[in-house]
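The following questions and answers examine the fold of one protein chain, proceeding from the sheet to the helices and then to individual residues. Please consult the sequence and the model shown here while reading.

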Amino acid sequence: MSRWTDLAGKASGENYAARFATLARSGKNMHGEARFCAALVPVGARVLDAGCGTGRVMIRLAELGYDCVGVDLDASMLAVARKQSPGLPWFQLDLAEFEPALLGIAGGFDLVVAAGNIFPLLAPGTESTVVEHLSAALRPGGLLVAGFGLDAAHLPVPPNLTLSDYDDCCAAAGLTLVDRFATWDADPYDGGGYAVSVHRR
């Protein structure tokens, strides 16, 4: 069981979507992750949203012209995503078991994005397995982008994954660090409690 399931239970989708809708109404830009990804790969590129949740990032990328696939373990989150954008491909699967062939889709993604604290909320001990599966889904030269909290101020659960741990997982999966930022607005990383990391296969 993932730390997310422990935290949120099995009916989190509508509440999660409502929270972001409130933020959007307050004037907050809700598309930083999509804008960040769009700066890395050209329009039309294939994007896997790993841990897509309610689809906020993927729906925006699809609107911008990207060829997107979403995967998440949480059925309630996916229900919201499917309701909001029924024409996009949404799949329910544990990322530790993710293989494109299992879903009847092609691999060779240009970019995999894991936003929303995906890695700290995985089942403990599965981080390296998930990175291996996501790396294998990339084309040579493809990018894995992950943003997650590193301390209690940026996480809804106690911290359990350091950047060093994550980089080690990526290196073992054949990925090389390209860049690291403090936010999805590409602010320089200064050792703070949140990081957006870009690795290349």
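Contact means heavy atoms within 4.5 Å. The model discussed is a predicted one.

Q: Across which strands does helix α7 lie, and at what angle does α7 run to β7?
A: Helix α7 spans residues 163-172. This helix lies across β5 (138-149), β6 and β7. Relative to β7, the direction of α7 makes an angle of about 15°.

Q: How many helices and strands does the protein chain have?
A: Read from the N terminus, the elements follow the pattern α-α-α-β-α-β-α-β-β-α-β-α-β-β. The secondary structure of the chain comes to 7 helices and 7 strands.

Q: Which strands are the edge strands of the sheet?
A: The sheet is open, has mixed pairing and places its 7 strands in the order β3-β2-β1-β4-β5-β7-β6. An edge strand pairs on one side only, and this applies to β3 (90-92) and β6. From one strand to the next, the twist averages 20°. The edge strands are thus β3 and β6.

Q: Which residue is the bridge partner of Val71 in β3?
A: Strand β2 covers residues 67-72 and runs parallel to β3, with 3 bridges joining the two. Within β3, the partner of Val71 is Phe91.

Q: What angle does the direction of helix α4 make with that of β2?
A: Helix α4, residues 56-63, packs on the sheet. Its contacts there are with β1 (46-50), β2 and β3. The angle between the directions of α4 and β2 is about 170°.

Q: Which residues touch the most other members of the largest nonpolar core?
A: This core contains 34 residues. At least two of its residues come from each of β1, β2, β4, α6, β5 and α7. A second, separate core has 26 residues, among them Ala34, Val41, Phe181 and Val198. In the largest core, the residues that touch the most other members are Val71, Phe119, Leu134 and Tyr166.

Q: Which residues of α6 are buried?
A: Helix α6 comprises residues 127-136. Its buried residues are covered by elements that include β1, β4, β5 and α7. The contacts of Phe119 beyond four places in sequence also reach this helix, including Val130, Val131 and Leu134. The buried residues of α6 are Glu127, Val130, Val131, His133, Leu134 and Ser135.

Q: Why is α6 oblique to α7?
A: The axes of the two helices come within 9 Å. Glu127, Ser128 and Val131 of α6 meet Tyr166, Cys169 and Cys170 of α7, and the crossing is right-handed. The axes cross at roughly 45°. Since this angle falls outside the ranges for roughly parallel, antiparallel or perpendicular axes, α6 is therefore oblique to α7.

Q: Is Ala172 buried or exposed?
A: Ala172 belongs to helix α7. Its C-alpha atom is 7.9 Å from that of Glu132, although the two residues are 40 apart along the chain. The relative accessibility of Ala172 is 65%, and the cut-off for this class is over 50%. Ala172 therefore counts as exposed.

Q: Is Asn117 buried or exposed?
A: Asn117 occupies the loop between β4 (109-114) and α6. Although Asn117 is not a glycine, its phi is positive, at about 60°. Its relative accessibility is 13%, and the limit for burial is under 20%. Asn117 therefore counts as buried.

Q: What is the C-alpha to C-alpha distance between Pro120 and Pro156?
A: Pro120 lies in the loop between β4 and α6. At 1% relative accessibility, Pro120 counts as buried. In sequence, Pro120 and Pro156 are 36 residues apart. In space, their C-alpha atoms are separated by 9.5 Å.

Q: What phi does Ala186 have?
A: Ala186 is placed in the loop between β6 (176-181) and β7 (194-200). Because its relative accessibility is 35%, Ala186 counts as partly exposed. Ala186 is not a glycine, yet its phi is positive, at about 70°.

Q: What percentage of the residues of the protein chain count as buried?
A: Among contacts with a separation of 6 or more, residues 24 or more positions apart account for 66%. The chain has 201 residues. Of these, the part that counts as buried is 53%.

Technical notes
Residues are numbered from 1 along each chain as its sequence is written. This is a predicted model: local features need pLDDT of at least 70, side-chain atom pairs count only at pLDDT 80 or more; totals for chains, interfaces and linings use all residues. Side-chain values use heavy atoms; hydrogens and water are left out. Helices (H or I, at least four residues) and strands (E, at least two) are DSSP runs, numbered from the N terminus. Buried means under 20% relative accessible area, exposed over 50%, partly exposed in between (1.4 Å probe, protein chains only). Two strands pair if DSSP finds at least two bridges between them. Axes are lines fitted to C-alpha atoms, for helices over the stretch in contact, and angles run from 0 to 180 degrees between N-to-C directions. A nonpolar core is a set of buried Ala, Val, Leu, Ile, Met, Phe, Trp, Tyr and Cys residues joined through side-chain atoms within 4.5 Å. Angles under 35 degrees count as roughly parallel, over 145 as roughly antiparallel, 65 to 115 as roughly perpendicular and the rest as oblique. A crossing is left-handed if the near helix is turned anticlockwise from the far one by less than a right angle, and right-handed if clockwise.
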